[in-house]
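User: I have a structure open here and have not worked with it before. Could you walk me through it?

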Amino acid sequence: MREGAVQCGYCTPGMVMAAEGLLRRNPDPSEAEIRQAIAGNICRCTGYVAIIRAIAATAASRRAAPC
């Protein structure tokens with residue numbers, strides 16, 4: 001939500017699942033890897049920029065404060 005990645009909510013469940021799967025496999029993904037991970041999800045609201053930024057920010061915060 002901080003990155004403005006959530007709009008209508010239609011794609012959110014798929015984006016969250018794809019992002020979580022990616023971050024579990026790769027805690028430091030490149031933008032290209034993020035784009036590839038979410039490629040199967042269609043968003044009609046954000047244009048993907050905010051979603052990619054949100055996934056990258058989540059990855060960074062998880063690396064900074066591991067569980």
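User: To begin, how many helices and strands are there in the protein?

Analyst: Please note that this is a predicted model. The protein has three helices and zero strands. Followed along the sequence, the pattern reads α-α-α.

User: And what does the C-alpha trace span along its principal axes?

Analyst: The C-alpha trace spans about 30 × 20 × 20 Å along those axes. The radius of gyration is 11 Å, and a compact globule of 67 residues would have one near 11 Å, so the two agree.

User: What share of the residues counts as buried?

Analyst: Of the 67 residues, 28% count as buried. As for contacts between residues at least 6 apart in sequence, 57% of them join residues at least 24 apart.

User: Changing topic: how many disulfides does the structure hold?

Analyst: The structure holds zero disulfides. Cys8, for instance, is in no disulfide, and the nearest cysteine sulfur, that of Cys45, lies 3.7 Å away.

User: Why is there no bond between Cys11 and Cys43?

Analyst: The sulfur of Cys11 has its closest cysteine sulfur in Cys43, at 3.8 Å, which is too far for a bond. The cut-off applied here is that the two sulfur atoms must lie within 2.5 Å. In general terms, a disulfide is a covalent bond between the sulfur atoms of two cysteines.

User: Is Cys8 buried or exposed?

Analyst: Cys8 is exposed, as its relative accessible area is 57%. Cys11, by contrast, counts as buried, with a relative accessibility of 12%.

User: Which residues line the largest cavity?

Analyst: The lining includes Cys8, Cys11, Cys43 and Cys45, the cysteines just discussed. Ala5, Val6, Gln7, Gly9, Thr12 and Thr46 also line this cavity. By class, the lining has six nonpolar, four polar and no charged residues.

User: How much space lies in that cavity?

Analyst: About 30 Å³ lies in the largest cavity. The count of cavities of 30 Å³ or more comes to one.

User: What about the largest pocket, how much space is in there?

Analyst: The largest pocket holds about 490 Å³ of space. Its lining is made up of 19 residues, and those nearest the centre of the pocket are Met1, Ala5, Ala54, Ile55 and Thr58. Ala5 also appears in the lining of the largest cavity.

User: Which helix gives the most to the pocket lining?

Analyst: Helix 3 gives the most, with seven residues. Helix 3 covers residues 49–64, and helix 1, covering 12–25, also supplies at least two residues of that lining.

User: What classes of residue make up the pocket lining?

Analyst: The pocket lining has 12 nonpolar, three polar and four charged residues.

User: I clicked on Asn41. Where does Asn41 lie?

Analyst: Asn41 lies in the loop between helix 2, residues 31–37, and helix 3. With a relative accessibility of 17%, Asn41 counts as buried, because the limit for that class is under 20%.

User: And what does Asn41 touch?

Analyst: Leaving out residues up to four places away in sequence, Asn41 touches Gly14, Met15, Ala18 and Tyr48.

User: One last residue: where is Ala56 found?

Analyst: Ala56 is found in helix 3. Its relative accessibility is 36%, so Ala56 counts as partly exposed. Ala56 and Leu23 are 33 residues apart in sequence, and their C-alpha atoms are 9.4 Å apart in space.

How values were computed. Residues numbered from 1 in each chain as written. Predicted model: local features only at pLDDT ≥ 70, side-chain atom pairs only at ≥ 80, totals over all residues. Heavy atoms only, no water. 1 Å grid on protein atoms, 1.4 Å probe; cavity = no way out; pocket = protein on both sides within 12 Å on 5 of 7 lines; lining within 4 Å. Points joined across faces, edges and corners; volume = space filled by probe spheres on them. Nonpolar A, V, L, I, M, F, W, Y, C, P; charged D, E, K, R; others polar. Buried < 20%, exposed > 50% of the residue type's maximum accessible area, 1.4 Å probe, protein only. Helix = DSSP H or I, 4+ residues; strand = E, 2+ residues; numbered from the N terminus. Rg over C-alpha atoms; globule rule 2.2 N^0.38 Å. Contact = heavy atoms within 4.5 Å.
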